[in-house]
Structures are given as C-alpha cells and as structure tokens.
Amino acid sequence: MPKYYDEKEEDGRACAGVREDFKACLMQHDCVVKEGKMPSECLKEGHCKALQTSFFECKRSMIDTRSRFRGRKGY
C-alpha cells in the first residue's frame, strides 16, 4: 500500500511509490532492526519478496515497448 504524506516532497522518478514502500519494508523488517543485518543480506534471505517483485516489474515496464500501450506497472 503506498504511503502519502502532505509535507513530503514529490518524487517525479518512475516507480517512486513502489521504491519507497520497498525501502520502508526493508528498513523496518526485524532482520535489519533486531538482528542488525544489512538490507542486502535480508533480501537474499527472501524478505519483502512481493515488493521486490513489484519494483522489478515496474522498472522492467519502463524499457518494454509494449508499455506505451499498457502504461507503466506499479504506482
């Protein structure tokens, strides 16, 4: 679910909503907070997999020529 804040700056980059949620998921996960591991190590263990896949699909849709008809995936 995207998080929107009134005082937050507008990020005009592609896939900004998915990127923000993916980053928040990793940084707030017990793997990073309690165990003190690096976010990259937690990704290898399979945490936040759904958001990682969504972010990948959004970035891939940027270079997909069919996306000009379908629109970019993500939010």
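**Disulfides and core of a predicted helical chain**

C15 and C58 form a disulfide (a pair of cysteine sulfur atoms within 2.5 Å), with their sulfur atoms 1.8 Å apart. The model is predicted: local features need pLDDT of at least 70, side-chain atom pairs count only at pLDDT 80 or more, and totals for chains, interfaces and linings use all residues. Residues are numbered from 1 along each chain as its sequence is written, and side-chain values use heavy atoms, with hydrogens and water left out.

The protein chain has 5 helices and 0 strands, where helices (H or I, at least four residues) and strands (E, at least two) are DSSP runs numbered from the N terminus.

The structure holds 3 disulfides. The torsion about the S-S bond of C15 and C58 is about -95°, so this disulfide is left-handed. C15 lies in the segment before α1 and C58 in helix α4, 43 residues apart. A second link joins C25 to C48, with an S to S distance of 2.0 Å; C25 is in helix α1, and C48 is in the loop between α3 (39–45) and α4. C31 and C42 are also joined by a disulfide, which ties helix α2 to helix α3. Counted along the chain, the bonded cysteines follow the pattern 1-6, 2-5, 3-4.

C42 is buried, with a relative accessible area of 0%; buried means under 20%, exposed over 50%, and partly exposed in between, with a 1.4 Å probe and protein chains only. C25 is partly exposed at 25%.

The largest nonpolar core (buried Ala, Val, Leu, Ile, Met, Phe, Trp, Tyr and Cys residues joined through side-chain atoms within 4.5 Å) has 11 residues, including C15, C31, C42, C48 and C58. Helix α1 gives the most to this core, with 3 residues.
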